[in-house]
Amino acid sequence: MAECHPVGFQWVMEAKARGATIIHVDPRFTRTSAMADIHAPIRAGSDIVFLGGIVRYILENDKAFKEYIIPYTNAANIINKEFKDTEELAGFFSGWDPVKGEYDGASWGYEGVEETIPAGGHQEAVPGGSTPHVPGKAVTSARRDETLQHPRCVYQIMRRHFARYTPAMVADVCGVPEELFLRIAEALCKNSGRDRTGAFCYAVGWTHHTVAVQYIRTAAIIQLLLGNMGRPGGGIMALRGHASIQGSTDIPTLFNLLPGYIPMRHPKYNGVDDYLKSNTASAGIWSAFPAYFISLMKAWFGDAATKENGWRFNWLPAITGDHSHMATVADMVDGKVKGYLVMGENPVVGSMNGTLQRKGMAKLDWMVVRDFALTETADFWRTAPEVVSGEVPSGQIGTEVFFFPAAAHTEKEGTFTNTQRLLQWHHKAVEPPGAARSELEFTWKLGKRLKALYAASRDSKDDALRALTWEYPESSPGEPDAAAVLREINGQGLLDGRYINAYTELKDDGTTACGCWIYAGCTAGGVNQTARRKPAREQSYVAPEWGWAWPNNRRMLYNRASADPAGNPWSERKRYVWWDAALGKWTGVDVPDFIADRAPTYRPVPGATGLDAISGTDPFIMQTDGKGWLFAPSGIVDGPLPAHYEPQESVVENALYPQQCNPMRMEWHRRDNPYHLAYRDPRYPFLITTYRLTEHHTAGGMSRWLSWLGELMPEMFCEISPELAAERGLEHTGWATVSTARGEVQCRVVVTQRMRPLRIRGKMVHQIGMPYHWSWIGRVRGDAANDLIGFVADPNVHIQESKVLTGNIVPGRRATARRATLGGSPGNAIELPEPGPLRNLPGMVPFKRQPLQNDPEKE
Amino acid sequence: MGFLKILGDHWPLAKQIAERDVTGLGSLSWSERSVGLRPRIDGAEVHQSVCPYCAVGCGQKVYVKDGKILDIEGDEDSPISRGRLCPKGSATFQLVTGTHRVRNVLYRKPYGTAWEKIPLEQAMEMVAARVKKTRDETWDAKDEKGHDVQRTLGIAHLGGATLDNEENYLLKKLYTSLGIVQVENQARI
């Protein structure tokens, strides 16, 4: 955190100055470790064992905050008889379909509720076909045992599930000594209860894994057990890496979502009614789903969207599977994608298997790149290593390329949403130089041109475009007014023209329009709330008048949990939001994240639906049952509880279960994307992990061209321990070549005790650390670490596993880089064990997991 | 006092007392030249902004004079950053004013070996024509299983996390109306 989010880290230091214990768990010793009270070096890819060990410690030592978990979480819920745990099924949960290679989660539900409980907003995460869909009716009739003794209650299921995550197992699998692990577990538990809270911060070190979502789930379980959610000083903080990566998730340039986490159309929905029914929860905030969706259709299609024509649901394109980045690139390589628009991203450097990215681009008919300078992505056809070396001559690349210079944030106005869901307006300071323009202007004008080109069309495929609302006032000649776009996102009443003040005002009858329901209220009263800048020193520490946070300017989600079930603060010290009995409403230092006048004593009648089903003690109002989910009865495709699986490429066999890897992981079996053996590959004996540095930004598009930053961090390097240096004859500041089956990169060697070999399952394991910022253009250059990494992904969110893989390192520079994409094969001919170690338990999975793309080069 | 003033011409302490600037750090520290000096940002417009690098969302102040950015500094009013910027945030001035920024639209013909400059309007027209042509040629009313899909898999988009919400909104809105579903950004990277 001190490395990649230094200014955010000042608050960690503030906490430390007030007596907080700072714990840092990371394979490397970094600036964060230097400031922490405890640093635990860990084997990359083993965190579920570490975190699961903490869960077990809490459960077995009776350290959970019982007054919190019994009313506020599903600890007491009884799970269906049919549910079977990984303990019983060799690392699988019940419901595994070995033919389809996916789970049917029907057995994971609550007893007493016949249908599956939907997970708010993430219906699309349920694998197609296997979903009995599911309003989760009668959630109020779920059976609970508040003594937590029932053998099938979540609490007892968790005790059995995590029983094998012992301190000895943590030491053996993660390389964290037992006494160090116990110190951390004790410190966390001591910091729980009415008076104390603890927070978790994480970044892509947790998300770039084939079990990424389950990492975060394990942390969420700890935080719920310790009573750290919805309370000041608690929570799980995702430290995200781009200025508006949260905004581009909320208003998604993502394939599977519409604005506000509304799922895209899918053939599994039999028309608009089925779509609305399937996504409407019986209770909680998602029970008003039709209002959110219909208001979006009204914002986009105006008068053309009516109840009679199904709000033009049929105009939405349907997704039928995985259309995420890696799947698209694989399709590109196979010649299925013809046109590509890339804006402010540099996938040749930032995405996996860079040569495969370029191979895809070379197959396109045309490509548009918008950026500040000619990135590697824009210039690949001219200066890529394989072009310069003559392996792929420029004259053989047929792609037509357009480069548009982009306006900087100082040359346009608009909002970024930061990692805490805060929208902040930035003002335009100067005009963009030359032909540089904002994406807002580019997109608007492209849309206007396309509307003109299709104006005369009577083809039904063009109806949606022709009806699309696309009239925006201009803030200066030719430039659409970003404030007007923000007002459309906020929403308006169509009968009275008034701006929507909160998402609760949205209607399902077509009388409101709203571009993103969770952002409703950002221009409440016609005032741009995101531009508010009341100085911090002139308001409370929550700073409610600085910018605007979704939803409804709440700075902390689920803050009802900051009060006890009776509605009183858990303690004076942790006062945040509480029930004011005299006024008959919730109040506090933040906007209460609850139904404003719902008394703590309110209990729904059996069979209640919508917001009526939320009890006065149910803080997690986005969830259908209002409870924090220790056990996820739906919404997660690879299991209701986290289980440790080894990475796609590991150095050891899975010590927890016979199943080696996440059975639901996504693989791309292609010759240009080869994998190593599951573990103990004699060619690739070391672990590699990648990371970012303080002085550079992601794929370098905003940092490698700057002399100020280039001087601070001028060259690609890897970090290794003195022990590995001795073993391989590597010298500090000398050259090394790091290789995988995908390719090889050269870099300088930094020999440092900050990298420590760890004893894993009785064997010393070395980890190689590699920053991934560099590539062949820019003021400072170097090989791109991501060229080493293959396509393999988490099944819930399709994110790649780039934080752990295996590789080799040898002294010296490479000659010409060997790249699997161009047919280069590993030079080191070592005889491989036959048959190799298995990633999957025999009989439990099909021979090859989807998605399988065609490999046209297959002989 | 007159005596002190005379004495002060030779003895600074006397002058400091006479001028009621005992520490010598007040009015007496100014020279004729320094009295006339003004900070570079004096009289500049100040635009409140947000750091474009990571997602912490530190406040920035952009100082502008004569249509040019003079400097970008941390915004001490921000409850997030309290005026601080990290090495990247502190380099924002160079990011937005540096010589690396391309000012022209560049075009590479199929199988071409060099970039050429083309006018913005022409490039926009060409891109719109390509989007239409590819979309029309690759349109799928139904997929191979006969499902009604109303889309094209011939066009894809990447990027969004470095852009504004309003920009992402228009992109998703336009692409969806065009039937383009392969829209992705850095959230998965």
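Trainee: In which hand does α20(A) cross α7(B)?

Mentor: A crossing is left-handed if the near helix is turned anticlockwise from the far one by less than a right angle, and right-handed if clockwise. Here α20(A) passes α7(B) in a left-handed crossing. The model is predicted: local features need pLDDT of at least 70, side-chain atom pairs count only at pLDDT 80 or more, and totals for chains, interfaces and linings use all residues. Residues are numbered from 1 along each chain as its sequence is written, with chains lettered from A and ligands numbered from 1 in the order in which they are written.

Trainee: At what angle do helix α20 of chain A and helix α7 of chain B pack?

Mentor: Helices are DSSP runs of H or I with at least four residues, strands runs of E with at least two, numbered from the N terminus. Axes are lines fitted to C-alpha atoms, for helices over the stretch in contact, and angles run from 0 to 180 degrees between N-to-C directions. For α20 (residues 482-490) of chain A and α7 (residues 165-178) of chain B the angle is about 70°, with the axes 9 Å apart. The two are therefore roughly perpendicular (65 to 115 degrees; under 35 is roughly parallel, over 145 roughly antiparallel, the rest oblique).

Trainee: How are the strands of the open sheet in chain B ordered?

Mentor: Strands of a sheet pair through backbone hydrogen bonds, either parallel or antiparallel. Two strands pair if DSSP finds at least two bridges between them. The order in chain B is β1-β2-β3, with antiparallel pairing. β1 (45-50) and β3 (68-74) of chain B stand at the edges, each with a single partner strand, so one side of each has no neighbour in the sheet. Six bridges join β2 (residues 59-65) of chain B to β3(B), and K61(B) stands opposite E73(B) in β3(B).
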